[in-house]
Structure formats: structure tokens, C-alpha cells
Amino acid sequence: MLHLTEKLKGTTTVGIVCKDGVVLAADKRASFGNMVYTKNVTKIHKIDEHLAIAGAGSVGDILNLVRVLRAEAKLYRANVGKPMSVKGLATLLANILNGTKYFPYSVWFLVGGYDDKPRVFSVDMAGGVTEDNYVAAGSGMEFAYSVLDSEYRENIGIKEGIKLAIKAINAATKRDVFSGDGILVVTITEEGYRELKNSELKTLLRQ
């Protein structure tokens, strides 16, 4: 039986550093207990022109933190006169999560962006921060990592990074019952944030 106290959850998210930008990808399924609640959840959120986060965990907690982070990024730009860095956003998020660790947000974020170079961070619910060339989070992360570990290479191009991210998410959706129902892919380059259309993804996968 489902209880009202249960939270919408279930996700696989992936972040990849490429030589010319960052790729963030996520599935679109949200589950409620053992039920597929919705098949069209947006799990990647633009924070600023060159910053985005991908969230795994409770949908309500994720959206609440997205609103806070967007406001903080705007305030930083207004006060300092330049955009917040990728590491700055990851540190801010980590401080928020660490400050609430005794009554925690049920979330795990990937922070990606481009300042002087492309960068990706993983931020867990206790505020632990890890920077790497590729990261994954969520219920299907083990399956995504199995693909990333074997196929990632340094100086990968953005198109190859998109294909790898899709492959990693697809691997998770085949084995993790809480992940599925399509893929959202976002790139962040020196030109800024861009969400790929389904037609673009199909074209890239055919090449």
C-alpha cells in the first residue's frame, strides 16, 4: 500500500566532462513506491547561463533547492558583477545540504557547467563534494558507471559525450525499475546552456 508520506523518487543521472563542454543526462521517470507515478519529469535544471544541476531523489526537495540556487546565482551576479563559478555553485549546494543533514533533503545532485573550463561535481545529501571527469547518481548509478568506466576517455568531444551519456542512461533503464521513459540531454559549453531535442538525439545516434 502506498502512503502519503512516501516521496516521488527514482532516477539515473549522468554528467560527463568533454574537451569542449559538459553533458548532463537523465531519465524521465518518477516513481511512488513501486508505482510509476509519471513518465515526463524534468530532472535537469538550468541555474544560470553556464550552470545546471541534475537531481536524483525527492522531486519536491529537488525543486525547492532549484529555486533557492537560481535566486542565489542571480544575487551573486548582481552583487559581484560576474556569474557564479561551477565550483562556487557546488560549494553553495554542499553547504546547504550539510547544514540540514540532521533533517536532510532526500537528494543527490550533479553540478555541471562551464566557466574557464568544463567541470562536473557530485554533491550528496550530506554535502559531500566530488569533482571528476564523469559522475553518476540515483538508483541506476551502478549500471551507468559500468558503461562510463569502460568507455570514457579524456578529451572526448561533446558529440561523443552525448552518445556516451545516452548509452549510460540506457544501460540503467534496462536494469533499474525506477529509471526509464525517455532521456533528457543538456550540453553546457562556452556558448551556454542548451537542451537537445529528440530529433537531434536520434540524428546523433544514427551517425
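This passage walks through the confidence, the main sheet and two helices of a predicted model.

It helps to begin with how far the model can be trusted. Across the protein chain the mean pLDDT is 86, and 85% of the residues reach 70 or more. Confidence varies from element to element: strand S1 (residues 8-9) has the lowest mean pLDDT, 48, while strand S9 has the highest, 97. Over residues 1-8 the pLDDT stays under 50, and the model gives this stretch 19 contacts beyond four places in sequence. Where pLDDT is low, the predicted coordinates should not be read in detail.

We can now turn to the sheet. Five strands make up an open sheet, arranged in the order S11-S2-S3-S12-S13, with antiparallel pairing. Strand S11 (134-138) and strand S13 occupy the edges; each has a single partner strand, so one side of each lacks a neighbour in the sheet. On average, neighbouring strands of this sheet are turned by 15° against each other, direction ignored. Helix H3 (residues 141-151) packs on the sheet, where it touches strand S2 (12-18) and S11, and the direction of H3 makes about 165° with that of S11. As a reminder, strands of a sheet pair through backbone hydrogen bonds, either parallel or antiparallel.

Strand S12 deserves a closer look. On one side, S12 pairs with strand S3 (residues 21-27) in the antiparallel sense over six bridges; here Val22 stands opposite Ile188 of S12. S12 also pairs with S13 (residues 192-195), again in the antiparallel sense, over four bridges. In this second pairing Ile188 stands opposite Tyr193 of S13. Ile188 thus has a counterpart in the pairing with S3 and another in the pairing with S13. Two residues lie between S12 and S13, and the two strands form a hairpin.

How enclosed is S12? All seven of the seven residues of this strand (residues 183-189) are buried, so S12 is largely enclosed by the rest of the structure. In a regular strand the side chains alternate between the two faces of the sheet. Both faces of S12 are covered: Ile183, Val185, Thr187 and Thr189 are buried on one side, and Leu184, Val186 and Ile188 are buried on the other.

The helices show another arrangement. Helix H1 has 22 residues, which at 1.5 Å a residue should span 32 Å; its end C-alpha atoms are 31 Å apart, which agrees. Buried residues of H1 are Val59, Asp61, Ile62, Leu65, Val66, Leu69 and Ala73. Seen down the axis of H1, these buried residues fall within an arc of 135°, so they line one face of the helix. Arg67, Lys74, Ala78 and Asn79, on the other side of H1, are exposed. Just after H1 comes Gly81, with a positive phi of about 85°.

Helix H2 (residues 86-99) can be read in a similar way. Its 14 residues should span 20 Å at 1.5 Å a residue, and its end C-alpha atoms are 20 Å apart, which agrees. Val86, Leu89, Ala90, Leu93, Ala94 and Leu97 of H2 are buried. They cover an arc of only 135° around the axis, which puts them on the same side of H2. Asn95 and Gly99 are exposed on the other side. The partners of the buried residues of H2 include helix H1 (59-80), together with strands S6 (44-48), S7 (51-57), S8 (107-114), S9 (118-123) and S10 (129-131).

Definitions and conventions
Residues are numbered from 1 along each chain as its sequence is written. This is a predicted model: local features need pLDDT of at least 70, side-chain atom pairs count only at pLDDT 80 or more; totals for chains, interfaces and linings use all residues. Side-chain values use heavy atoms; hydrogens and water are left out. Buried means under 20% relative accessible area, exposed over 50%, partly exposed in between (1.4 Å probe, protein chains only). Two strands pair if DSSP finds at least two bridges between them. The expected span of a helix is 1.5 Å times one less than its number of residues. The arc is that of the directions from the helix axis to the C-beta atoms. Contact means heavy atoms within 4.5 Å. pLDDT is the predictor's confidence in each residue, from 0 to 100. Axes are lines fitted to C-alpha atoms, for helices over the stretch in contact, and angles run from 0 to 180 degrees between N-to-C directions.
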